[in-house]
Amino acid sequence: MSDTPGPAPVPARRRLVAGLVALAVVTYVLDQATKVWALAALDEGVRHPVLGDLLGLQLLFNPGAALGLATGTTWLLTLVAITVVVVIIRVSRRLGSRGWAVTLGLLLGGALGNLTDRLVREPGVFRGHVVDFIAYGDLFVGNVADIAIVAAAGLLMLLSLRGLRLDGTREGRAAAGTGDEGGPGAAPTTDGVDAPAEGVRHDG
């Protein structure tokens with residue numbers, strides 16, 4: 001029996017990909033539905049306090065990125081979003097971790113939410129302004145897609161710090177070829193929410 005980590009079995013990987021897609025769809029639908037509501041219920045530029053000065057509702061049309069960055073380069077942001085979507089679709093074929101499935105699902109849903117705005121809203125295709133309506137103090141105004149993207153970025157950093165790879169194996173023990181269990185060449189282990197889906201095995 002080989003101790004070399006291998007990819008997740010096809011059925012387990014399919015379940016993870018299905019979960020990724022489901023989370024992305026929920027995120028996307030929630031983002032677009034709340035934007036439709038904001039367009040119907042809010043007047044542009046008028047702030048409605050929710051938690052005093054800390055949180056409010058304020059409809060804005062953002063031609064750039066978060067915090068007002070990259071204004072005037074909407075077409076470039078559109079290409080970046082398309083690239084993110086394509087990369088997620090490609091790497092999902094190696095998915096073997098629930099933590100990565102959640103991370104990529106949130107990122108995919110958020111990217112598609114803002115990408116839709118840039119493709120279909122005024123002033124035109126690839127130049128559409130993103131609908132923002134959640135005002136965070138005097139810092140910036142965002143939307144549900146932004147929340148999903150920020151959450152995905154946080155999870156990505158956590159997974160990287162824990163050394164968890166996309167396929168569900170861990171860095172460190174496998175790279176060193178030694179460990180407390182199994183001796184040289186022992187397969188890396190996973191635990192908790194970051195563990196591979198049930199039924200995933202790393203031995204041949």
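Here are some informal notes on this predicted model, point by point.

1. **Overall make-up.** The protein chain has 5 helices and 4 strands, and from the N terminus the order reads α-β-β-α-α-β-β-α-α. Of its 204 residues, 38% count as buried. If you look at contacts with a separation of 6 or more, 65% of them are between residues 24 or more positions apart. The chain exposes about 11000 Å², with carbon and sulfur atoms supplying 67% of that.

2. **First hairpin.** Strand S1 (residues 47-51) pairs with S2 in the antiparallel sense, over 4 bridges. The two form a hairpin with 3 residues between them, and glycine 52 in that turn has a positive phi of about 60°. To find the register, start from proline 49, whose bridge partner in S2 is glycine 56.

3. **S2 against S3.** Strand S2 (residues 55-62) also pairs with S3, again antiparallel, and here there are 6 bridges. Two pairs are handy for checking the alignment by eye: leucine 55 has tyrosine 136 as its bridge partner in S3, and leucine 60 stands opposite aspartate 132. So S2 has pairing with S1 as well as with S3, by the rule that two strands pair if at least two bridges are found between them.

4. **Second hairpin.** On to S3 and strand S4 (residues 140-142): they run antiparallel and are joined by 3 bridges. Isoleucine 134 has glycine 142 as its bridge partner in S4. This hairpin has 3 residues between its strands, and glycine 137 takes a positive phi near 55°.

5. **How covered is S3?** Strand S3 (residues 130-136) is mostly covered, with 6 of its 7 residues buried. That is the strand that pairs with S2 and with S4.

6. **The main core.** The largest nonpolar core has 14 residues, and those with the most contacts inside it are Leu20, Leu95, Trp100, Leu104, Leu108 and Leu166. Helix H1 (10-41), H2 and H3 each supply at least two of its residues. H3 gives the largest share, 5 residues. Apart from this core lies another, of 6 residues, among them Ala38, Leu59, Phe133 and Ile134.

7. **Leucine 20 up close.** What does leucine 20 touch, leaving aside its neighbours within four places in sequence? The list is Ser92, Leu95, Ala101, Leu104, Gly105 and Leu108. Leu95, Leu104 and Leu108 also appear, with Leu20, among the residues with the most contacts inside the largest core.

8. **A charged network.** The count comes to 3 salt bridges, and Asp31, Lys35, Asp117 and Arg121 are linked in a network of them. Lysine 35 bridges to aspartate 31, with the closest N and O atoms 2.9 Å apart. These two are 4 residues apart in helix H1, which means about one helical turn separates them. Lysine 35 and aspartate 31 are both buried.

9. **The cross-link from H1 to H3.** Lysine 35 also meets aspartate 117 in a salt bridge, at 3.0 Å from N to O. This pair links distant parts of the chain, with lysine 35 in helix H1, aspartate 117 in helix H3 and their positions 82 residues apart. Aspartate 117 in turn forms a salt bridge with arginine 121, where the closest N and O atoms are 3.2 Å apart. Is aspartate 117 buried or exposed? It counts as buried because its relative accessibility is 0%, and the cut-off for buried is under 20%.

10. **A nonpolar patch on the surface.** Trp75, Leu76, Leu79, Val80, Leu119, Val120, Val125 and Phe126 make a nonpolar surface patch of about 710 Å². Helix H2 (74-91) and helix H3 (98-120) are the elements that give two or more residues to the patch. H2 gives the most, with 4 residues.

11. **Leucine 79 in that patch.** Leucine 79 lies in helix H2 and is one of the patch residues. Its relative accessibility is 39%, so leucine 79 counts as partly exposed. H2 and H3, which feed this surface patch, also each supply at least two residues of the largest core.

How values were computed:
Residues numbered from 1 in each chain as written. Predicted model: local features only at pLDDT ≥ 70, side-chain atom pairs only at ≥ 80, totals over all residues. Heavy atoms only, no water. Patch = residues over 30% accessible without salt bridge, like charges linked within 9 Å, V, L, I, M, F, W, Y side chains within 5 Å. Areas by Shrake-Rupley, 256 points an atom, 1.4 Å probe, with all protein chains shown as cover. Salt bridge = Lys/Arg side-chain N within 4 Å of Asp/Glu carboxyl O. Buried < 20%, exposed > 50% of the residue type's maximum accessible area, 1.4 Å probe, protein only. Core = buried A, V, L, I, M, F, W, Y, C linked by side-chain atoms within 4.5 Å. Contact = heavy atoms within 4.5 Å.
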